[in-house]
Amino acid sequence: MFYRFVLRFFVLICVFLNPNVLWAVDNTFVVEAIEVKGGERVSVGTVLNYLPMRVGERYEERDSGKLIRALFATGMFNDVSLARDDSTLVVTVVERPAISEIKIEGNEKLEDEQLTASLNSLGIAKGRVFNRSVLERVQQEIRRLYFSQGNYGMNIKTTVVPLERNRVDIQVMIQEGEESKIKQINIIGNRRFSDAVLLDQIESSESSAFSFFSSADQYSRTKLAGDLEILRSYYQDRGYINFKVLSSQISITPNKQGIYVTINIDEGEQYRVREVVLAGRFVLPKESLEKLLLIEKDDIFSRRQVTNATSKISERLGDDGYAFANIDVVPTIDDEARQVDLNIVIDPGKRVYVRRIIFSGNAKTHDTVLRREMRQLEGGWLSPSKVKRSRIRLQRLSYIEQVSLETPKVVGREDQVDLYVSVTERSSGSFSIGAGYSSTQGLLFNASLSQENLLGTGQRLKIAVDNSISNEQYSLSFTDPYHTEDGVSRTFSLLSRKTDATQLSTTADYRRDSYRLSLRYGIPVNEFTTVKLGGGLERSDIFSTENSSDEIKAFVGSSGKQRFDGSNIDASLSYDRRNRTVFAEQGWLHRLSLDWSLPSSDLEFYKLGYDFEYYYPVTDRYVLSLRSEIKYGEGYGSRIDLPFFEKYYAGGIRSVRGYEAYSLGPKDSRGEPAGGDFKTVSTLELIFPPPFVEEPGSTRISFFIDNGNVFTKAEDFQLTELRSSIGVAFLWLSPIGPLSISYGEPINIRSGDTEDKVQFTIGTLF
């Protein structure tokens, strides 16, 4: 500082001794030219733009201070001086350095992008002018970010590194330290509810021995603000309409590791509903809207119930085209009686119509294919529920990856909107050839030619070959999802399969060659219910071996081979409310199925099934899933049970994991699994994407509990005979097919059971 003072004093003396200095001689003159000296990065035009003096104007001595202050105010210069050269005004500037880079080190809890974006919002960025106040602002902003996350013990050091061409680097070294933990939360003013009850509601919690497994004891301003809103909602949902948070205080221990939170509240009194009145303009019967309120006289006032009531009224009006209805709740509070009157005022606005539906992004798919999935129609009332359902139906198409919808108003019309539907297509056709390995099937080979969206029509064609050591399968199928305009689908399929069970260690020895031709129709009953009805012809050749069980030899007979011809009818009834068919995140599915071998067949039997799926989104990333299946079959006519190759099996990666595939249930005369006529399996899973994946995409992990078994007959079912396992699974929809790996730990393994903890399969459908 002393040397800088001496330097400026010396410059000042020189200026006064300079005959060209404006205030030394000739105090007044007409400026014929302006010359700028000393500029490196700042252009001459920029200096002249900020300088409040123009060529042709008269300069006077008193103008010098104004000119210098104007240039200093830009913040771009360390020094400014004025001089006269005849009729030329000479402006000499010394620029402040520019910021070349801001280098941040030591930050692990906050990303570089977050810190940089926050500094940018303050005007501190690469290329900006540097002055000493920048360092203080950098430190203040970074401290603010860390303090908001509860890192009060952090330290920060900034260093300025001069560079050539009047530039500097700002180096920021951060020592994050330990996050401050909440030692105690004190709530003052609560009389109606105990501390324990209120603390159970909020997200923050006091540090304990179990805090290692959660971040609830980590303080942040955002989380505290959310907790205060939770308390407000908790009280107002229970009638305390005048509840207030008087203050919230934070105290930090001297070592900055502990935080004490004090929340001061005023509960107020509990209020009840005295009267609920609907008012405004009614475009629907008033009685039908009143049924949606679910708020009655003398009920305890609840803000949540009021919000739900207005939402239901708004949705109901929206279904009839009043998409922009305005629902206002005007409460009248009687403090003496502790009662509140609710006046719900309805302004439906104008009925809104959809003028046009415009599709974009569908380079391959015909507009008609997308349009037939739309439940919102052109010319019809705008219905938010129909728009939402249209989006779900579109994203359920296997050849559509993403769907976005917008409803901008038509210019000049308050009662019309256009519906813009933007889709992102995924590859719908593929030819694949690959190999894989399954822990139960051994080496796998598969090749397929498939087209999910044949020539953009939405029709599906698939030719596939799937081979393993125990199966050789060739198939051809063609599906028209809209065989009729009403959405009736039709599927033709051909199948040739050769099964060699002698290659599997977990089933009885036999060989089977079968050929099948089938036709199936899918009939939509309503938006969520579908009936499928079809039939087929099948021929099977069954071969026994020397190692076949007595049961199989008796079934085939002394010739060692027997041919069975038959025809069947298969039917199913499904109710599907899932938001997706693959990796569903919410909704449920019920399916009843029947496979009936007709009396004219060589083998007479029937099989019944019930499948259930339920998906509940716990958070944005975590989904709780419950799946179960119950299968039952038996013979009729001359038969009393199912043919051995139609029996049900359990165990393995597709049923009860942790047990060897097909190994559970009854055994035959050789001690091998024989299957059964009754099967029950259920699975409870917590599903989530891998931690390093931002979007769920094509991978997921799950913790599971499997439970199930197979029984000879339904009457043999016993809860004590069910087998259970617990474990973790990983699923990846890889380019060569689904890859599934699971580790299952059997819970109640019994004598005769075979465990197989690690199971996997790749290259085959599941």
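These are my notebook entries on a predicted model, covering a helix and its surroundings, a cavity and some strand pairings.

**Entry 1: helix α3**

I started with α3, which spans residues 63-72. I listed its buried residues and got D63, S64, L67, I68 and L71. Next I looked down the helix axis to see how they are arranged. The buried residues of α3 fall within an arc of 130°, so they line one face of the helix.

I then asked which elements the buried residues of α3 pack against. The answer was α2 (44-50), β3 (58-59), β4 (77-85) and β5 (88-95).

**Entry 2: strands around β5**

Since β4 and β5 both appear among the contacts of α3, I looked up their pairing. β4 and β5 run antiparallel and are joined by eight bridges. I noted S81 standing opposite T92 of β5. The two strands form a hairpin, with two residues between them. In that turn, D86 has a positive phi, about 60°.

β5 also pairs with β2 (residues 33-37), in this case parallel, over five bridges. Here I recorded V36, whose bridge partner in β5 is V91.

**Entry 3: cavity**

I searched for enclosed space. A probe the size of a water molecule, rolled over the atoms, shows where empty space is left. With a threshold of 30 Å³ or more, I count one cavity. The largest cavity holds about 50 Å³ of space.

Which residues line the largest cavity? I find I182, I185, I202, S204, Y219, L224, D227, V261 and I263. Three elements give two or more residues to this lining: β9 (181-188), α7 (221-236) and β11 (258-266). By class, I sorted the lining into seven nonpolar residues, one polar and one charged. In the listing, S204 and D227 stand alongside residues such as I182 and V261.

**Entry 4: strands β23, β24 and β25**

I moved on to residues 511-524, which make up β23, and residues 529-543, which make up β24. These two strands pair in the antiparallel sense, over 14 bridges. The connection from β23 to β24 is a hairpin of four residues. For a marker on this pairing I took R520, which stands opposite G534 in β24.

How many bridges join β24 to β25? I get 15, with the strands again running antiparallel. β25 covers residues 561-576. My marker for this second pairing is R539, with D565 of β25 as its bridge partner.

I closed the entry with β24 recorded as a partner of β23 and of β25.

How values were computed:
Residues numbered from 1 in each chain as written. Predicted model: local features only at pLDDT ≥ 70, side-chain atom pairs only at ≥ 80, totals over all residues. Heavy atoms only, no water. Pairing = 2+ DSSP bridges. 1 Å grid on protein atoms, 1.4 Å probe; cavity = no way out; pocket = protein on both sides within 12 Å on 5 of 7 lines; lining within 4 Å. Points joined across faces, edges and corners; volume = space filled by probe spheres on them. Nonpolar A, V, L, I, M, F, W, Y, C, P; charged D, E, K, R; others polar. Buried < 20%, exposed > 50% of the residue type's maximum accessible area, 1.4 Å probe, protein only. Arc of directions from axis to C-beta. Contact = heavy atoms within 4.5 Å.
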